[in-house]
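Q: Please give a close look at one part of this structure, and then place that part within the whole.

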Amino acid sequence: MTEQGAGRVLTAGLVGYGMAGRDFHGDLLRRAGGRVTDVVTGNPERAARAGADWPGVQVHQDLAGLLAGSRPDVLVVASPTGLHVEHALAGLEAGIPVVVDKPLAMDHEGATAVVRRAEATGTPLTVFHNRRWDSEQLTLARVLAEGRLGDVHRFERRWERWRPVPKDRWRENAVGQGGGLLLDLGPHLVDAAIQLFGPVSAVRAELRALTTPTEDDVFLALDHVSGTISHLWAGSLVGAPGPRTRVLGSAGALLVPGHADSPGPFDLLDPGDGTTGLLVRGAETTPVPTAPGEPADFYRAVARWLHDDGDVPVDPWDAVAVAAVLDAARRSARTGAREAL
């Protein structure tokens, strides 16, 4: 029996072997007991890296080459965002189950088209909203389920870093092709808010490009049907990153200080090992034990989904709902108004 529990190793073909393909999907697949059998890349350095990382891997110049000669358990679309729809549709037409890195598409129209095609072909499809398996998200969900915060009226989450000299790569430079923080970090932030507090009825947004051609300063205010308001930030020019998460309720607050990848002043509030944040009531603070979970659990769930008839890890219609919010954010940034969904 493998770690995945089905007696079978999950095999994957990665479309793209840059940061997303290698450092995220490849790493999480390995940690979950999976194996990369195929990689699509036309970059010789990345091809060599794939061969070193996964002995025996088949490297293809394009997706058509993979689809013509291989049949992995799952096709992982980790190409630049502007190519997600094209690559996902090709995998679906070939009848290979597909995982698409977030965002599913650049807009709501593209996301809807992919999901409808998956349903029409009967090919399994899910989306890499892996942050649902972060211990922070799971801890907050447990605290909410236990009612320790009472009625929550505001949810805040920040993904901020101090990077005054930007990286020179497509994520920062690809204007109109999926670059920028709205489509890079926005899907994680919006998905987290919807999972915790339900559907969104209206959006107000501020989007700015301070150091890059694409937006590197993002603020979203979401009105949830439940009555909770979410304030979400993503920024690269933030010299003093705020607390990662703050949730305000009638019975207290949950504060998660600090950022693993961007040190800041709130790191001083670290509640200690085995905990995730503090339950706060004025001057009273109580460390909150960490709920078990890690991002690699996404691919463990993929293995159960495909090998053991388990539940789909992320309903792709959830990604369509996220795309609708991000579309509304773009409209709001242009008009300066709160945009209804």
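A: In the hairpin formed by S13 and S14, two residues lie between the strands, and Gly 282 adopts a positive phi near 65°. The model is a predicted one, in which local features need pLDDT of at least 70, side-chain atom pairs count only at pLDDT 80 or more, and totals for chains, interfaces and linings use all residues. Residues are numbered from 1 along each chain as its sequence is written, and side-chain values use heavy atoms, with hydrogens and water left out.

Strand S13 covers residues 275–281 and strand S14 covers residues 284–289. The two run antiparallel and are joined by five bridges; strands count as paired if DSSP finds at least two bridges between them. Within this pairing, Leu 278 faces Pro 287 of S14.

The hairpin belongs to a protein with 11 helices and 15 strands, these being DSSP runs numbered from the N terminus (helices H or I, at least four residues; strands E, at least two). The protein is as compact as a globular protein of its length, because its radius of gyration, 20 Å, is close to the 20 Å that the globule rule gives for 341 residues (taken over C-alpha atoms; the rule is 2.2 Å times the number of residues to the power 0.38). Along the principal axes, the C-alpha atoms fill a box of roughly 60 × 50 × 40 Å.

Of the 341 residues, 55% are buried, that is, under 20% relative accessible area (1.4 Å probe, protein chains only). Among contacts (heavy atoms within 4.5 Å) between residues at least 6 apart in sequence, 67% link residues at least 24 apart.

Notes. Buried means under 20% relative accessible area, exposed over 50%, partly exposed in between (1.4 Å probe, protein chains only).
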